[in-house]
Amino acid sequence: MSEMHGQPSYDDIVEARELLRDHITETPVQGARWLTDLVGDTVILKCENLQRTGSFKARGAFVRIARLSEEQRKNGVVAASAGNHAQGVALAATTLGIPSTVFMPEGAPIPKEKATRAYGAEVIFEGQYVDQCLEAAIAFAERTGAVMIHPFDHPDVVAGQGTIGLEILEQTPDVKTVVIPLGGGGLLAGAALAIKTKHPDVKVIGVQAETAAAYPVSLREGRPIRLDKMPTMADGIAVGLPGETNFPMIQSYVDEIRTVSEESISGALLSLVERAKQVVEPAGAVGVAALMDAPETFEGPVVVVLSGGNIDPLLLGKVIQHGMTLAGRYLPVAVKIPDQPGALATLLSVIGDTGANVMEVVHSRTTPGLRLAEVGVQLQLESRGQTHAERVLEQLRKKGYPATSP
């Protein structure tokens, strides 16, 4: 195996798979009929959200730690992670009888923190982003002698993540395009190496959140360029600096990098829950978001990797609500009605006739712009989609209610 910042070979990935055989799950693939209809060809989901610890990170972490010498193991290991790599390191270290310390950014999802502790690691919070945690972890390693287990920038880690590429080729041998979430690049680099070595004609596409997209500018400049701010819900891929191991591999083996908006990620998460019955974290849904954004640009059969499923239930609730609003399923409406008995009941009857469901009503006499004999009513309605929402507003206006929707 190569040293740090060297590149793993295809044989390294094959060896990593043997090492992992009894320790990780060969995750299933699942057809996605709604995406197949959009693309016009078969779309398959590679469900790495069902992996041990809830993400692909368990693969690379185990390979890296399992290959440490007895001398290296004696002071334990340290890592930096928003949560998925943390859990992979904690599980691998505990399985192998090695103490582990993990630095996580402030505001890391609570389920990820709790799971990391449950797998046996000591958790320390540091900074706002993973990059700041990395600096703290490196300092800890120098101070204590613990071995730094980098989340993506090491050939053993990349080889471990690359085993997904071997599984994809076996599970979907006729695949033409593989779409993979991209943060630091360990998963994309390893999978692309595995796929391109055996099938160079298969197109490999990486996807980043557009507000945390270090790779497009770095690839244009020909070297890793650091981002200072990454305001995205996709914390698992909010990495400001591409890895030195991964960057040249992505230059060589990846055909294209795309970016997706926060709104697209919300929509993809909602669709995955509703249509695929899959709970996926924002970072794990960016590939589906890219497919939904431009389905006509993908040649099928397409495999989309769902890289992780560790999402805070509170965030999931917010994302679902946001996604339903964007889809026209939640319709906020403001109307003015006469300030007289029965006026509200009449309005609600009209809404009932449209087939919309009233979720919330706020009745106010102090809304700015009201006449003395008027009352303002703000409603939150549930509709069957954008077309239905437009019909609801049209029907209200026909009945004499000049309804507005923000």
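Colleague: Given that two strands pair if DSSP finds at least two bridges between them, which residue of E13 is the bridge partner of Asn-357?
Modeller: The partner of Asn-357 in E13 is Glu-382. Please bear in mind that this is a predicted model, in which local features need pLDDT of at least 70 and side-chain atom pairs count only at pLDDT 80 or more, while totals for chains, interfaces and linings use all residues. Residues are numbered from 1 along each chain as its sequence is written, and side-chain values use heavy atoms, with hydrogens and water left out.

Colleague: How many bridges join E12 and E13, and in which sense do they pair?
Modeller: Strand E12 (residues 357-364) pairs with E13 in the antiparallel sense, over seven bridges. Strands (E, at least two residues) and helices (H or I, at least four) are DSSP runs numbered from the N terminus.

Colleague: And what about E11 and E13?
Modeller: Strand E11 (residues 330-338) and strand E13 (residues 374-382) are antiparallel and share nine bridges. Within that pairing, Tyr-330 has Glu-382 as its bridge partner in E13.

Colleague: Which UniProt feature is placed at residues 332-406?
Modeller: The unreviewed UniProt entry gives "domain: ACT" there; such annotations may be inferred rather than shown by experiment. Over residues 332-406 the chain is 33% helix and 32% strand, with the end C-alpha atoms 7 Å apart.

Colleague: How is the whole chain divided into domains?
Modeller: An automatic or database domain assignment supplies the bounds. Domain 1 covers 10-55 + 154-322, domain 2 covers 57-148 and domain 3 covers 328-399. The C-alpha centres of domain 1 and domain 3 are 43 Å apart, and the C-alpha trace of the chain spans about 85 × 45 × 40 Å along its principal axes.

Colleague: Let us turn to E10. Is strand E10 mostly covered or uncovered?
Modeller: E10 (residues 302-306) is mostly covered, with five of its five residues buried. Buried means under 20% relative accessible area, exposed over 50%, and partly exposed in between (1.4 Å probe, protein chains only). Val-302, Val-304 and Leu-306 lie on one side of E10, and Val-303 and Val-305 on the other.

Colleague: Which residues are bridge partners of Val-43 and Val-178 in E10?
Modeller: Val-43 has Val-302 as its partner, and Val-178 has Val-303. Strand E2 (residues 43-47) pairs with E10 in the parallel sense over five bridges, and strand E7 (residues 177-181) runs parallel to E10 with three bridges.

Colleague: What is the strand order in the open sheet of four strands?
Modeller: The order is E5-E4-E3-E6, with parallel pairing. Strand E5 (122-125) and strand E6 (147-148) are the edges, since each pairs on one side only. Strand E4 (residues 100-104) is joined to E5 by four bridges, and Val-102 stands opposite Val-123 in E5.

Colleague: One helix, please. Which residues of H10 are buried?
Modeller: In helix H10 (residues 214-221), the buried residues are Ala-214, Tyr-215 and Ser-218. These residues are on the same side of H10 because they cover an arc of only 85 degrees around the axis, taken from the directions from the helix axis to the C-beta atoms. Their cover includes strand E8 (203-209) and helix H11 (246-253). Just after H10, Gly-222 has a positive phi of about 80 degrees.

Colleague: Finally, what percentage of the chain's residues is buried?
Modeller: Buried residues account for 57% of the 406 residues. The chain has 16 helices and 13 strands.

Terms used:
Two strands pair if DSSP finds at least two bridges between them. Contact means heavy atoms within 4.5 Å.
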